[in-house]
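Visitor: Got a minute to walk me through this one? I'd like to start with how some of the helices pack.

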Protein chains: 2
Amino acid sequence: MRTDYCGLIDGRYLGQTVTIKGWAHRRRDHGGVIFIDLRDREGLVQVVFDPDIPEAFAIADATRNEYVLEITGEVRARPEGTTNAKMITGQIEILAKSITVLNQAATPPFQIDDENLSENVRLTNRVIDLRRPVMQKNMRLRYRVAMLIRNYLDGLGFIDIETPMLTRSTPEGARDYLVPSRVHDGQFFALPQSPQLFKQLLMVAGFDRYYQIVKCFRDEDLRADRQPEFTQIDIETSFLNEDEIMDITESMAKHVFKEAIGVELGDFPRMAYDDAMRLYGSDKPDLRVSLQFTELTDLMKTEEFKVFRGAADMENGRVVGLRIPGGASISRKEIDDYTKFVAIYGAKGLAYIKVNDVTNLSNGEGSGLQSPIVKNLSEACLQEIITRTGATTGDLIFFGADKEKVVNEAIGALRLKVGHEKGEAAGYFTRGWKPLWVVDFPMFERDDDAGRWNACHHPFTSPKVEHIEFLKSDPGKCKARAYDMVLNGWEMGGGSVRIHRADMQSTVFEALGIGEEEAQNKFGFLLDNLQFGAPPHGGLAFGLDRLVTLMTGAESIRDVIAFPKTQRAQCLLTNAPNEVDEKQLRELHIRLRNTQQANLA
Amino acid sequence: MRTDYCGLIDGRYLGQTVTIKGWAHRRRDHGGVIFIDLRDREGLVQVVFDPDIPEAFAIADATRNEYVLEITGEVRARPEGTTNAKMITGQIEILAKSITVLNQAATPPFQIDDENLSENVRLTNRVIDLRRPVMQKNMRLRYRVAMLIRNYLDGLGFIDIETPMLTRSTPEGARDYLVPSRVHDGQFFALPQSPQLFKQLLMVAGFDRYYQIVKCFRDEDLRADRQPEFTQIDIETSFLNEDEIMDITESMAKHVFKEAIGVELGDFPRMAYDDAMRLYGSDKPDLRVSLQFTELTDLMKTEEFKVFRGAADMENGRVVGLRIPGGASISRKEIDDYTKFVAIYGAKGLAYIKVNDVTNLSNGEGSGLQSPIVKNLSEACLQEIITRTGATTGDLIFFGADKEKVVNEAIGALRLKVGHEKGEAAGYFTRGWKPLWVVDFPMFERDDDAGRWNACHHPFTSPKVEHIEFLKSDPGKCKARAYDMVLNGWEMGGGSVRIHRADMQSTVFEALGIGEEEAQNKFGFLLDNLQFGAPPHGGLAFGLDRLVTLMTGAESIRDVIAFPKTQRAQCLLTNAPNEVDEKQLRELHIRLRNTQQANLA
């Protein structure tokens, strides 16, 4: 039997005989002896084979990379000059007495320590890819985070209750994954987008403190931080208000960061949604970047310059400045690149002013302001821009002027890009962790195309008590009892106090243009049960994949998921999805729509 | 804020002021005061409303069952003669000072303490049903069991790694649930029947000790102990043999029973599959019933009686006796009922002999043996039956004679039925917990209809080293390195040491009649990866639903699942599955086969 893990054998084992099992990570001959670095999940240890034991030497000699070996030997100190201070096992080596080949290995598709692999190669050969120490570390951190959360919540009396995976399709929000029913011809289950309704029903059932670490599904086109199936840390409580729920989950987040990666997050500031949008153009501001928007919309309403004036006069138009301290040194080429960058977000251009001399704010020749647009603006306006942004000599100000949404997204993204690229040297980017709560979200957002209001969070979110009157009169004014936990520009989790009265739920459905019949058809089981004594309740859901990605510093959530899908929603390892037998389709009462197979069937 | 849970307030709280929140379980007027039993997840507490505080009294007076209330009051001793020793809160009551109605409740569809509800009513009104204390207890026990397992395995260095829910369909074993792909026209994901292949791949990837508590899916017709989605405790390890794996999981089971319900399971005996079938006709014998089969097949090969002789001469035929101590008192009517019972399992009749006088074993008139069949058997045979069964005066012997499978199932079921109905009084049933390991399973079972061998466990199970030679020459003789944990007649878990060499896996596929191309098509990703240095590995999977059902003594696994499906695979709460929009089907490239909707589309 194995006595120890390879990667944990250190100086305390000197003189002991150990039996280890693992993979031949590297094998080399040197000075008449053979060295094998044996690898297991805990790391590497160096094993030495001496020709004195010819049987073991011969086997070691025939060993190739990734062979599975069992080795027994004595731990001894490495000769002077050959120690490696970076490794736990760097002071010792194992003098092998015996070796058994537990399994051979074909030459793997790539070296385990190859750092330059395309994601395609990695995902196709995911099993070998998972052997890489960084992937082993990521999976273990993911596990550790989940267990820390479980034990933390357990200590607070939360219990994990499993909700169904095969559930009801309620086309709302994202697209459902459907599962045809064999027993019920023409009917379908849906995979859950979240356990939202079930967790609310568990509160109505009296479970009081629920959590679940659970797979959720959304059939959407994928971005870097999205997967068709993702893991949610889902929390719901009864009888707590938003402050109490935020306190519990903030404490949990602090605990997990402390225990898992030794980071003290400190107390989370709270920022109103309106302030976040005003200052950062985003409801998940990355506060490591200290750059802020300066509001200029009002100022431009009286200027002639039509690029700014047009945006200022637009319904939902916005004009902002973004002061970049020391930005006057940004080159023309860089500004061109930034202009292309903001175009991705729909911006039609990127106006700027370099402040070469803050004491000369004229709009004519010889001005201290360098910019194609200076001549179009009044001197009073230029003065006010400098005052409001606080710009000084050597700074640059970028401008965004368009529909509010375009300005927020484009200048918000620019803020991050400039901040991350130049901020550390220039003092407007701080490494580390910047958590915050964003609160006071609007209840609804206007969908102008559809001519209706949509729920910002979801249609079960409670309005602020003092805004209930706006539900019918002015839905856009109505704020929700909703909150997002944001960290370094990522939404870690979001939640709300829910509606616990059936009449209020009906009113909100009405505001959303969901008629009584539609509501009953889609959410009848919720409405019915709200009538039977639903307690006040609320909760929050965290994205585990994102949380762990952020903690590891990985580039993609695919690096913290053992068997992820590509952006085309495929598993390159198993080749899923795949074609199925006609017999299977018949049993499920469906046929293919387009393919040759469909025509034959 | 709530200061305490209702159900936990006991004599230690006397004189304290508490604030509690919960549901009005019962409300009654008595002697000019109002009593409300307030219920939360921890239980009930009695609250008294005195007319001295008219505001609170008026609200209490208007309260109906299942209203959600917040009550503040002082804990005082109950008057003498009104205490209730059965309740934690039975010595105290709370004198209310204030009460707030947090939510009203319509009259619920049934009383929370109604014990006589049909399952249909319960599942349709599942949210209210879950308020019943027994359901609250079941869900919490389920959670506690899962957490005990997590922490136990964590202590042994296991880590939970999530495997995909959207995976590849490999029609093998049970029927897959399919999920049409929107991105890949004509292709489907399958929901996993188990994470079997992924957990093996994780071993190849070097994770060494894996577990997962995970949803699995089988689209099969449902029995009482089956659900379309069920929860598996899935375990896999590298470098351990079957004894080591059984030791770890047996210790885990003992730990969980001890900590969750205070039961000491003791050491698990091990029984070979062949012995289990010989003695109990079952690979999951309920050892609480001590009745055993007596093998009579050989004996009947020389008898004239064609019912027995025919079965004895049959290929795969079997004749057994089942001695029931004291069974001579079983009535004709009861025997008729047992005969009908075994017919369910395909038995064509149920022969028996009552031993009225063991000293007179003649087959003629005046025999001490009472039976319609005695005259058909030789006296030597009767003597041998008595000797082998050990029957004595007052006993009864039932007989099974048919194909082995029918005998095992029919007499096996009879053994349990008689054992459970009559065994406790007669001394052949012991209450309590009877765990065992069943080991040495066959590798293959013959499918005569298909003319081929099927895998008994699954096709990735390793044969016993000493039986490898039988793989080609005599598959029926080949035993597997497989093991089942059995408790009180339920299979708690099953597992095996897996095949870790690609060549051996190919040989086993061959024995199963799976050609090279088919194997590569279905399991290529496993075969490929076995070549890159797969460690010896094995594991086990427990059914969490069954485990908890057994622990609670519930009648159905539906009683330990928050939102189960009916036997027709429906959720009566949400009405899933349901019909979906034509637009959804179009996006998934499928259409309905049979319905009107399909014809219109």
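Visitor: What's the handedness of the crossing where H14(A) passes H15(A)?

Guide: H14(A) goes past H15(A) in a right-handed crossing. Keep in mind that this is a predicted model.

Visitor: At what angle do those two cross, and how close do the axes come?

Guide: Roughly 155°, with the axes coming within 9 Å. H14 covers residues 502-511 of chain A and H15 covers 516-530. Since angles over 145 degrees count as roughly antiparallel, that is the label for H14(A) against H15(A).

Visitor: Which residues meet there?

Guide: From H14(A) you have Ala502(A), Gln505(A), Ser506(A) and Phe509(A). They meet Ala519(A), Phe523(A), Leu526(A), Leu527(A) and Leu530(A) of H15(A). By type, the contact residues split into seven nonpolar, two polar and no charged.

Visitor: Now over to chain B. How do H5(B) and H15(B) cross?

Guide: Their axes cross at roughly 20° and come within 10 Å. H5 is residues 196-204 of chain B, and H15 is 516-530. That angle makes H5(B) roughly parallel to H15(B), and the crossing is left-handed.

Visitor: Who's touching whom in that pair?

Guide: On the H5(B) side, Leu197(B), Gln200(B), Leu201(B) and Val204(B). On the H15(B) side, Phe523(B), Phe525(B), Leu526(B), Asn529(B) and Leu530(B). The residues of this contact divide into seven nonpolar, two polar and no charged.

Visitor: Back to chain A: what angle do H4 and H6 make?

Guide: About 140°, with the axes 10 Å apart. H4 runs over residues 133-155 and H6 over 242-261. That makes H4(A) oblique to H6(A), and their crossing is right-handed.

Visitor: And which residues make that contact?

Guide: H4(A) brings Leu141(A), Arg144(A), Val145(A), Leu148(A), Ile149(A), Tyr152(A) and Leu153(A). Facing them in H6(A) are Ile248(A), Ser251(A), Met252(A), His255(A), Val256(A), Glu259(A), Ala260(A) and Ile261(A). The breakdown is 11 nonpolar, two polar and two charged.

Visitor: Zooming out, how is chain A divided into domains?

Guide: Domain 1 is 6-103, domain 2 is 134-265 + 541-584, and domain 3 is 289-425. The C-alpha centres of domains 1 and 3 of chain A lie 62 Å apart.

Visitor: What does it take to lay chain B on chain A?

Guide: A turn of 180° and a shift of 0.0 Å along the axis, giving an RMSD of 0.1 Å. The two copies are therefore related as by a two-fold rotation axis. Both copies use the same surface, with 100% of the contact residues of chain B recurring in chain A.

Visitor: Switching to backbone oddities. Where is the cis peptide bond in chain A?

Guide: Between Ala576(A) and Pro577(A), with omega about -5°. Pro577(A) sits in the loop between helix H16 (544-552) and helix H17 (582-587). In chain B, the bond from Ala576(B) to Pro577(B) is cis too, with omega near -5°. Pro577(B) is in the loop between H16 and H17 of chain B.

Visitor: And what's the phi of Asp440(B)?

Guide: It's positive, about 55°, although Asp440(B) is not a glycine. Asp440(B) lies in the loop between strand S17 (435-439) and strand S18 (444-447) of chain B.

Visitor: Why flag those spots?

Guide: Because most residues other than glycine have a negative phi, and most peptide bonds are trans.

Note on methods:
Residues are numbered from 1 along each chain as its sequence is written. Chains are lettered from A and ligands numbered from 1 in the order in which they are written. This is a predicted model: local features need pLDDT of at least 70, side-chain atom pairs count only at pLDDT 80 or more; totals for chains, interfaces and linings use all residues. Side-chain values use heavy atoms; hydrogens and water are left out. Axes are lines fitted to C-alpha atoms, for helices over the stretch in contact, and angles run from 0 to 180 degrees between N-to-C directions. Helices (H or I, at least four residues) and strands (E, at least two) are DSSP runs, numbered from the N terminus. Angles under 35 degrees count as roughly parallel, over 145 as roughly antiparallel, 65 to 115 as roughly perpendicular and the rest as oblique. A crossing is left-handed if the near helix is turned anticlockwise from the far one by less than a right angle, and right-handed if clockwise. Contact means heavy atoms within 4.5 Å. Ala, Val, Leu, Ile, Met, Phe, Trp, Tyr, Cys and Pro count as nonpolar, Asp, Glu, Lys and Arg as charged, and the others, Gly among them, as polar. Domain bounds come from an automatic or database domain assignment. Copies are superposed by least squares on the C-alpha atoms of residues with pLDDT of at least 70 in both.
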